[in-house]
Amino acid sequence: MNCLVIIPARSGSKRIKNKNIKLFQKKPIISIVIKKLKKMKIFKDIYVSTDDIKIKKISEKSGAVVPFIRSKKLSNDKISSREVIVDMINFLEKKKVKFDHILSVYPTSIFINKRLIHHAFKLFEKNPNKFIFGAIPFHSSLERSFKLKKNKIYKPMKKKYLNKNSNDIEPSFYDSGQFYLAKKDNFKKKLSVFKKGNVAIIFKKNQCVDINDQDDWNLANKIYQNKS
């Protein structure tokens, strides 16, 4: 498969300072991810899109290619990862780089591994026009949720779920925040990853963490240590 990796890694993370290069197991977390991908030896190249010189240096030292510093226009927290990926695709196409597929990986995707990616490729071969991504099950049923404001319920649970056993409710899932595999044109067309028919690889509970805040970071560290 003529596939390359694009890692969107901007600076300025708010909930975890310098998240993409924060030391995880005594190494910059993006470095762990890049080296894992390099070790697989199945990708044409690994590209990092960043607005930060320090991230650029660490990424290049780890074996990735950082062909340019991303513009400020595409580096604020309102810009989607999709826009960043398409920006890199357009740059590479102008440079006449030949590729058909993209594996987009987040710089904190430490739970990615060769077996997982091979599984994703096999699913992609059967579903070539779809996105392949990771999903994590919610620990509790969303249908039995309610909203609180100042510790008081202001949006109650729906009545039809009040006396329903949680085992009888269809499970819900959320994005694992690890990877997205698709044809490059599906990224360019801005097709939704979460559109009906796209294919998810399900992580078991406590097998993967989408790292967004310090609690996530601590949990990821604990799970990673147990896996090592």
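This passage describes the sheet, a surface patch, the salt bridges and one buried serine of a predicted model.

The sheet is open and is formed by 6 strands, which follow one another in the order β4-β1-β5-β9-β6-β10 with mixed pairing. At its edges stand β4 (46-49) and β10 (199-202), and because each of these has a single partner strand, one side of each is left without a neighbour in the sheet. On average, and with direction ignored, neighbouring strands of this sheet are turned by 30 degrees against each other. Strands of a sheet pair through backbone hydrogen bonds, and the pairing may be either parallel or antiparallel. The antiparallel arrangement is found between β6 and β9 (residues 173-183), which are joined by 5 bridges; within this pair of strands, the bridge partner of I136 is Y174 in β9. Helix α4 (residues 114-126) lies across β1 (3-8), β5 (101-105), β6, β9 and β10, and the helix runs at about 65 degrees to β9.

Y174, the bridge partner of I136, also contributes to the surface of the model, where F138, L142 and Y174 together make a nonpolar patch of about 230 Å². Of these residues, L142 is found in the loop between β6 (132-137) and β7 (147-149), and its relative accessibility of 40% means that L142 counts as partly exposed, the category that lies between 20% and 50%.

A search of the whole structure finds 4 salt bridges. One of them joins K14 to D77, with the closest N and O atoms 2.6 Å apart. Because K14 lies in the loop between β1 and β2 (23-24), whereas D77 lies in the loop between α2 (53-62) and α3 (81-94), the pair ties together parts that are 63 residues apart in sequence. The two partners fall into separate accessibility categories, since K14 counts as exposed at 69% relative accessibility, while D77, at 42%, counts as partly exposed.

Another salt bridge is formed by E60 and K56, whose closest N and O atoms are 2.7 Å apart. Here both residues belong to helix α2, and because they are 4 residues apart, they are separated by about one helical turn. E60 counts as partly exposed, with a relative accessibility of 35%.

A further salt bridge links K184 with E93, the closest N and O atoms being 2.9 Å apart. K184 lies in helix α6 (residues 184-188) and E93 in helix α3, so that this pair ties together parts of the chain that are 91 residues apart in sequence. K184 counts as buried, at 14% relative accessibility, whereas E93 counts as partly exposed, at 25%. The pair does not stand alone, for E93, K184 and K188 are linked in a network of salt bridges.

Within the sheet, strand β5 contains S104, which counts as buried because its relative accessibility is 1%, under the limit of 20%. When residues up to four places away in sequence are not counted, S104 touches I6, P8, I85, Q178, F179, Y180 and F187.

Notes. Residues numbered from 1 in each chain as written. Predicted model: local features only at pLDDT ≥ 70, side-chain atom pairs only at ≥ 80, totals over all residues. Heavy atoms only, no water. Patch = residues over 30% accessible without salt bridge, like charges linked within 9 Å, V, L, I, M, F, W, Y side chains within 5 Å. Areas by Shrake-Rupley, 256 points an atom, 1.4 Å probe, with all protein chains shown as cover. Salt bridge = Lys/Arg side-chain N within 4 Å of Asp/Glu carboxyl O. Helix = DSSP H or I, 4+ residues; strand = E, 2+ residues; numbered from the N terminus. Buried < 20%, exposed > 50% of the residue type's maximum accessible area, 1.4 Å probe, protein only. Pairing = 2+ DSSP bridges. Axes fitted to C-alpha atoms, helices over the stretch in contact; angles between N-to-C directions. Contact = heavy atoms within 4.5 Å.
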